[in-house]
Amino acid sequence: NEPAQSPCANGSASPDHVVLTVLSWTPPCCATQAEWETQVGKAVTTLQSKYAGLKRIDLMTVVRGPRNQGCPSPVARGEYIAMPQEFDAALAGVAAKFPGLVFVGPKIESPSCAAFVGGGPHLTREGNAEVAKAIAAYFVSRQ
């Protein structure tokens with residue numbers, strides 16, 4: 001129900017491409033692959049029902065720690081920077097259920113733990129700039 005944060009000059013009310021960042025900071029959502037698949041699948045069908053011209057959905061995750069691992073400093077309370085295997089498998093499973101529409105975006109990792117404020121997931125200004133380059137490279141390659 002949130003409005004677009006950076007709407008396009010044309011077509012923002014009915015986008016043809018959505019980038020959905022999938023996360024849940026608060027349990028009990030999704031401890032298993034099946035639970036994640038159910039919830040993300042519901043989000044996809046909701047997007048399809050809201051946007052008749054939708055042609056592509058990219059599923060993204062939060063920025064991960066280096067090598068998808070935690071950092072020495074603790075993460076912000078209740079948040080995380082390492083994605084479990086079940087989560088990644090669930091995103092792939094949803095993409096397989098919606099071929100040609102849903103795609104799994106890149107698994108963006110921070111260049112180092114220094115890119116985070118504390119143990120993450122919030123990035124420093126420099127960390128944001130570095131990660132933004134990787135995300136931009138992915139979307140530019142899709143054009």
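**A walk from helix 3 to the cores**

Gly127, Val131, Tyr138 and Phe139 are the buried residues of helix 3. Look down the axis of helix 3 and these buried residues fall within an arc of 95°, so they line one face of the helix. Keep in mind as we go that this is a predicted model.

What about the other side? The face of helix 3 turned away from its buried side carries Arg125, Glu126, Lys133 and Val140, which are exposed. As for the helix itself, helix 3 runs over residues 125–141, 17 residues in total. From first C-alpha to last, helix 3 reaches 25 Å, close to the 24 Å expected at 1.5 Å a residue.

Now, what sits over that buried face? The cover for the buried residues of helix 3 includes three strands: strand 1 (17–21), strand 2 (56–60) and strand 3 (102–104).

Step back along the chain a little and you get to Ser110, in the loop between strand 3 and helix 3. Is Ser110 buried or exposed? Its relative accessibility is 4%, and with the cut-off for buried set at under 20%, Ser110 counts as buried. The side chain of Ser110 reaches the backbone oxygen of Ser112 at 3.3 Å. Setting aside neighbours within four places in sequence, Ser110 is also in contact with Val63, Arg64, Gly65, Pro66, Ala115, Phe116 and Val131. That last name takes us back to helix 3, where Val131 is one of the buried residues.

On to the nonpolar cores. The largest one has 21 residues, and Ile57, Leu59 and Val102 are those with the most contacts inside it. Which elements give two or more residues to this core? They are helix 1 (33–50), strand 2 and helix 2 (85–97), with helix 2 providing the largest share, five residues. Take Ile57 as a way in: not counting residues up to four places away in sequence, Ile57 touches Val18, Leu20, Val44, Leu47, Leu101, Val102 and Phe103.

There is also a second, separate core of 11 residues, and Ile81, Ala115, Val131 and Tyr138 are among them. Two of these names, Val131 and Tyr138, belong to the buried residues of helix 3, and both Ala115 and Val131 are contacts of Ser110.

For a contrast, finish at Ala52, in the loop between helix 1 and strand 2. Ala52 counts as exposed, because its relative accessibility is 83%. Ala52 and Ala4 lie 48 residues apart in sequence, and their C-alpha atoms are 17 Å apart in space.

How values were computed
Residues are numbered from 1 along each chain as its sequence is written. This is a predicted model: local features need pLDDT of at least 70, side-chain atom pairs count only at pLDDT 80 or more; totals for chains, interfaces and linings use all residues. Side-chain values use heavy atoms; hydrogens and water are left out. Helices (H or I, at least four residues) and strands (E, at least two) are DSSP runs, numbered from the N terminus. The expected span of a helix is 1.5 Å times one less than its number of residues. Buried means under 20% relative accessible area, exposed over 50%, partly exposed in between (1.4 Å probe, protein chains only). The arc is that of the directions from the helix axis to the C-beta atoms. Contact means heavy atoms within 4.5 Å. A polar contact is a pair of N or O atoms within 3.5 Å; within protein, one must be able to donate a hydrogen and the other to accept it, and residues adjacent in sequence count only if both atoms are side-chain atoms. A nonpolar core is a set of buried Ala, Val, Leu, Ile, Met, Phe, Trp, Tyr and Cys residues joined through side-chain atoms within 4.5 Å.
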